[in-house]
Amino acid sequence: MTTAPSASRASADRLGRVLNLVPYLLARPGIAIVEAAADLGVSEKQLREDLELLWVCGLPGYGPGDLIDMAFDGDNVTITYDAGIGKPLRLTPDEALALVVALRMLVETPGMGNRDAIERALAKIESAAGADADAPVAVRMTGNAKKVERVRGALESGNALRITYYTASRDETTDRVIDPIRVVNVDGWAYLEAWCRRAEATRLFRVDRIDGWTELDEPSAPPAEARPHDLSAGVFRPGDELPLVTLRVGRSERWITEYYPCESVERGASGEDWLVTMRVTDLDWARRLILGLGPEVSVVSPPELITGIREQAAAALAAYSVPPGVVVQASPR
C-alpha cells in the first residue's frame, strides 16, 4: 500500500511541529492563533488541533499537574506550564565531563584569545550539567605550575620586571615594567601583585596571562603609595568610578546574573525579561561581551555603548556585503 509512507511522513511532520510549539509559544505569550499559524505555515484549524494534542502531553505520571497547560484569551494563547520542555537538553555525565575538562584546559592556556567566550561557555555547561560537572578533576597546565614558581623566584630576586601581559577585559597584549610586591592565590588562580609603572598604580596580573618577562638590572622599588589590594571579597570589586551598564535580559541569558557581579536585577514590565545593572571595567569589554551573547540581550544604557555595538555590528555586516558592480556567478557543476 502507498498510504503508509504518507501517513508516517505526516505523523513525523506533526511531531516536529508540536515539539516546536512550546518554545515558540513561550517566547510569544498571548500571541494570536491566526498569527502563530501563519508563522508556522499551517492552517488555523490545524494549529488548534495541534494545541489540543499538546494539552495531553507532559511528564511521566501524566496527571493534571504533569501536563503542559495553556491559557486562552479569546483567540490568543499563552503557555502557563511547559512541563520542563523549555529547559535546555542535559548532557550525559561523560559528555559534560569531557567538555568541562576541555574548556578548563583552554582557560588555563596562557595568551588564549577569546578567553571571555570560553569562560562563558564553561559557566553555561557547568550550570547545565549540575552534579555531573562536579567530578574530582582539576585541570592545571604543567607550564603554569612552573611559571608560578619562576614568578616567585623573580619576586624573591628583588628586581623589577619587564612583562608581556594579556589583558582579557580589553583583549590586548601589552608590554610594561612592574615592581613586584607579592604572589597571591584567589579562587584557584595565582596573581602577581605589583606596582605598574605604566598605570602608575598597584595592579594584579594573573600569572597564566603573563606571556613572558625579563628581569631588569634594577631593584624592585614600589613607591610609598603602593598598597596591596584587599582580596577578601575577590579580585573584582566594582566601585562607583566604573561605568554602569543596564541590560534587558531574556530567559535564555539570565545565567549572566550568576556569572558576573550585578548592582541590581529587576523583573521587566513584560514579566519575561529582566533589567540587569552591572559595573564593568570598561565599555569596550562590555561591547565584546554583549556582541557575543544572543538576541535576548539588549542594551538600555549608556547611549555610547549602544552606539558602539551598532557601529561594530554594521561593520561586521558590511564585511559580508558584495561591492556594487560585482557580479557573482554560480560555479558550473
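Asp284 counts as partly exposed, at 41% relative accessibility, where partly exposed covers the range between buried (under 20% relative accessible area) and exposed (over 50%), computed with a 1.4 Å probe on protein chains only. Its partner Arg287, at 17%, counts as buried. The two form a salt bridge whose closest N and O atoms are 3.3 Å apart; the term stands for a side-chain nitrogen of Lys or Arg within 4 Å of a carboxyl oxygen of Asp or Glu. Asp284 and Arg287 sit 3 residues apart in helix α8 (residues 283–291), and are thus separated by about one helical turn. Helices here are DSSP runs of H or I with at least four residues, strands are runs of E with at least two, and both are numbered from the N terminus.

A word on the model itself. It is predicted, so local features need pLDDT of at least 70 and side-chain atom pairs count only at pLDDT 80 or more, while totals for chains, interfaces and linings use all residues. Residues are numbered from 1 along each chain as its sequence is written, and side-chain values use heavy atoms, leaving out hydrogens and water.

Let us stay with charges. The count of salt bridges comes to 12, and one of them joins the side chains of Arg206 and Glu119, at 3.9 Å from N to O. Arg206 belongs to strand β7 (residues 201–206) and Glu119 to helix α5 (residues 115–129), so this pair ties together parts that are 87 residues apart in sequence. Arg206 also forms a salt bridge with Asp208, and here the closest N and O atoms are 2.8 Å apart. Arg206 is buried, with a relative accessible area of 6%, and Asp208 is buried too, at 5%. If you follow these charges further, you will find Glu119, Arg206, Asp208 and Arg209 linked in a network of salt bridges.

Strand β7 also takes part in an aromatic pair. The whole structure holds 1 such pair: the ring centres of Tyr165 and Phe205 are 5.0 Å apart and their planes stand at 85 degrees, so the pair is edge-to-face. Rings of Phe, Tyr and Trp (its six-membered ring) pair if their centres lie within 6.5 Å, and planes under 30 degrees apart count as stacked, over 60 as edge-to-face and the rest as tilted. Tyr165 lies in strand β4 (residues 159–167) and Phe205 in β7, so parts 40 residues apart in sequence are tied together. Both Tyr165 and Phe205 are buried.

Now for the nonpolar interior. A nonpolar core is a set of buried Ala, Val, Leu, Ile, Met, Phe, Trp, Tyr and Cys residues joined through side-chain atoms within 4.5 Å. The largest has 19 residues, and those with the most contacts inside it are Leu25, Leu47, Leu51, Leu54 and Ile79. Two or more residues each come from α1 (3–26), α2, α3 (44–54) and β3 (76–81), with α1 giving the largest share, 6 residues. A second, separate core of 18 residues includes Val245, Met278, Ile290 and Val299.

Finally, take a look along α2. In this helix (residues 33–40), Ile33, Ala36 and Ala37 are buried. They cover an arc of only 100 degrees around the axis, which puts them on the same side of α2; the arc is that of the directions from the helix axis to the C-beta atoms. Val34 and Ala38, on the other side, are exposed. Just after α2, Gly41 takes a positive phi of about 75 degrees.
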